[in-house]
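Dear colleague,

I am passing on the structure below, and after it you will find my notes on what was found, beginning with the ligand and its surroundings.

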Amino acid sequence: MDLVLSEEQELLARTVREFVNGRSSLKRVRRLRDRHDADGFSRELWREMAALGWLGIVVPEEYGGAGLGWLELMVVLEELGRGLMPEPMISTVLLGTSALLLGGTDAHKREHLPAVAGGERLLAVAYEEPRSRYDLNHVEARAEKSGSGWLLSGEKAHVLDGHVADWLIVSARTSGGPRAAGGITLFVLRADTPGVTIERQSRIDSRNAARVRLDDVRVGAETVLGTVDHGGALLARVLDRATIGLTAEMLGGMTAALEMTVEYLKTRVQFGVLIGTFQALKHRAAKMYIETELARSVVMGAHRALDEGRDDGTIARLASVAKARCADAFNLIAKEGVQMHGGIGMTDEHDIGLFLKRARVAEMTFGDAGHHRDRVARLEGY
Amino acid sequence: MAELETFREETRRWLQANAPASMYTPYKTQDELCWGGKKMQCPPDTKRWLEVMAERGWTAPTWPKEYGGGGLAKAEAKILAEEMGKLRLRPPLIGFGLSMIGPLLLQEGSEELRRAHVPAIAKGEIRWCQGYSEPGAGSDLASLQTKAIRDGDIFVVNGQKVWTSYGDKADWMFVLVRTDFEAKKQDGITFLLMDMTSPGVSVRPILLISGSSPFTETFLSDVRVPVRNVVGNVNAGWAMAKVLLGHERTMIADAFKERDDAKRLVSLAREYVGEADGCIADPLLRDAITQVAMDQACLDLTLERSRDNMKAGHKPGPETSIFKYYGTELNMRRRELMVSITGPQGLGWEGPGYDEDELKLTRDWLRSRGNSIEGGTSEVQLNIIAKRVLGLPD
Ligand SMILES: Cc1cc2nc3c(=O)[nH]c(=O)nc-3n(C[C@H](O)[C@H](O)[C@H](O)COP(=O)(O)OP(=O)(O)OC[C@H]3O[C@@H](n4cnc5c(N)ncnc54)[C@H](O)[C@@H]3O)c2cc1C
């Protein structure tokens, strides 16, 4: 597969961009934040996105999706990322959907995927814990056998869109010590199951995240996703896909932040000239541009690898390469963006700061650059 | 699609049947590859590899067959490159003919010049050098002073070029000369092809900090060059020069695509730094190695994307500056890292106490400092991106 967008994909990109420009300005994003909106996103827009077919892009047609590829999803995520749209794509469309596609039984898929693609159901994957940092295998939450089902207890943190989710996918330990690679199991349960308490967290980028407490939550055997004790490997594959999708969003964010900054260099006058004439700024802007181009290549390469059905090792490696690059690039561009705006860049009123905040959160979602470099080294055996 | 798969099969079989065994061994620097030319000295296998590939036109796979190329479509050429990559075969021929002046002549040259020069490039018969820079004209290339005065159907050329890479090994030079002394500096330049054996051409090697002497000062005194050797039009050489620089920058970045890069760094680190718990013992060096390998992966994908874009009909643009800037910066980082990994064993200049690989690694590091200078400095590349891509004001 060539590393270029097809005409259809270009057209899709334009459609999404028009949608974002027309329906979701950064003002709307601010309004959700400033009014402490109960949902933290717009259900109306979410329904429109479902009607446009964007929530089920990689879901097979038999489960109510469009049966298209990851490159199509990339195009959508990038454009949404340009507009910093907070709608629950990562939690529901990337994490939740991937978990069901990779680990679900036919019954699970029939139960959830049509509702997800239709915009009627939100999912959240609760895998991080207060002390787990980026280690997926650090799971202290426990699942004890109880009759034919399980009893879950423990605490999860940084659960994306946790407080609006209708269903949760939770990792819990069914055997082994708190950091063992084996012995982890994934469960899919209703968010209002008795014993589940969800508390919204407030983070710098004002997107949804939550703590989830599990106090003797009783679930049936049918809630197990994948096989008992082997949820760790499944989770890693799910996160690789979500990570790749997240890099598309980050690519959009960094591109928009760069454009905003370059525009400012062409309008702000000091010393009687445009500040864009200063070589000290030009060279830094050029380097920022180079970063976006390299990021675009690896983000496309990673999505292509998914469409080509590459093996898990290749996907894992590309996910990490893309994530490390996008984390560094988005942070650099956002920080330089603030610097080149001068004082106005420090104000809440100016939009460049929104990108800085999102860059930092996106960096640490699914592991920062250092984490992913370490992972690549491990995968390569050194 | 099926046809391309057949082509892939056949190509692989042909390569395996025809490549001499030693062409599968990895090379450390381009000096071990074949540059062609009348003064060529290379091992028999290298020569044989050049001959069989040139016979098929696969030294220049996409050039038209009538000019000694392979006449392959871009998709086929990509397959050939992929199959050679999978087999880890060395390229049969490299040099400024293939990467710079050949493409320019095919794009802009007269039919006469194409016939005269392009097939000889594809066969590796003639080696070329580049006469752009002068003592007073480096980044500000357009201020060059070497003059050419017309005398009937001859130009008489006088002046001095400098930093002429392989000036002592080349058979011909493509050279920029001033032909109009009144016009704006970009508008008085002509692009000429010059036989290095012409009377009045003399070269003097320049020694680099790495101890090698790959380039020369080139003195031109009353050198007679036929007017028919002008590429493009008289006084319109600047446009030619810029098209060629685009080819040059892509080539420079391509040249740094080192296969097995991470593996080499890792094996060096295992040897010199050692391991702890199955990981390279020094976590900072380990991280730096991974960073280089990952950055290279991103650059490779960017080169691939650019090629696929051209295949889809998009014109190559200022993105060649990205390749030049990033490819060279990355290569320099890699060379720095190799010396860091090797530690005090990476500081030898010559003599006992250092093995051949160590000495080479050190000198390669010194040589690499020129990567961000040759072919237009890094600062100049950033200027180009700022102006042409980002549209920042002068
Ligand atoms: C290994 C090697 C091989 C080479 N091979 C060839 C060859 O085969 N043929 C050939 O013709 N030439 C060749 N060159 C020459 C090369 O193209 C020039 O050295 C290069 O263009 C820089 O010119 P200069 O050396 O005069 O430096 P200068 O132009 O004097 O630059 C000095 C410093 O000033 C900076 N600078 C200059 N202008 C600007 C600006 N506008 N903005 C910001 N910074 C600026 C430069 O980036 C540099 O850091 C080679 C050079 C090297 C090192």
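In this predicted model, 17 residues surround the ligand, the closest being B:Ser133, B:Ser139, B:Trp163, B:Ser165 and B:Thr377, where a residue is near a molecule if one of its heavy atoms lies within 4 Å of it. The ligand lies between chains A and B. Within chain B, domain 2 (128-234) and domain 3 (256-389) both give residues to the shell, so the ligand lies between these domains as well; the domain bounds come from an automatic or database domain assignment.

As to the make-up of that shell, strand 3 (154-165) and helix 11 (378-389) of chain B each supply at least two residues, and the largest share, 3 residues, comes from strand 3 of chain B. Helices (H or I, at least four residues) and strands (E, at least two) are DSSP runs, numbered from the N terminus. By class, the shell holds 4 nonpolar, 10 polar and 3 charged residues, with Ala, Val, Leu, Ile, Met, Phe, Trp, Tyr, Cys and Pro taken as nonpolar, Asp, Glu, Lys and Arg as charged, and the others, Gly among them, as polar.

Three side chains make polar contacts (pairs of N or O atoms within 3.5 Å) with the ligand. An oxygen atom of the ligand is 2.6 Å from an N or O atom in the side chain of B:Ser139, a ligand nitrogen is 2.7 Å from an N or O atom in the side chain of B:Ser165, and a polar side-chain atom of B:Glu379 lies 2.8 Å from a ligand oxygen. The protein buries 67% of the 970 Å² that the ligand exposes when taken alone, as computed by the Shrake-Rupley method with a 1.4 Å probe.

Away from the ligand, helix 9 (residues 320-342) of chain B has 23 residues, which should span 33 Å at 1.5 Å a residue, and its end C-alpha atoms are indeed 33 Å apart; the expected span is 1.5 Å times one less than the number of residues. Of those 23 residues, 19 are buried, meaning under 20% relative accessible area, with exposed over 50% and partly exposed in between (1.4 Å probe, protein chains only). Just after this helix, B:Gly343 takes a positive phi of about 65 degrees.

Residues are numbered from 1 along each chain as its sequence is written, while chains are lettered from A and ligands numbered from 1 in the order in which they are written. Local features need pLDDT of at least 70, side-chain atom pairs count only at pLDDT 80 or more, and totals for chains, interfaces and linings use all residues, while side-chain values use heavy atoms, with hydrogens and water left out.

With best wishes

Note on methods. A polar contact is a pair of N or O atoms within 3.5 Å; within protein, one must be able to donate a hydrogen and the other to accept it, and residues adjacent in sequence count only if both atoms are side-chain atoms.
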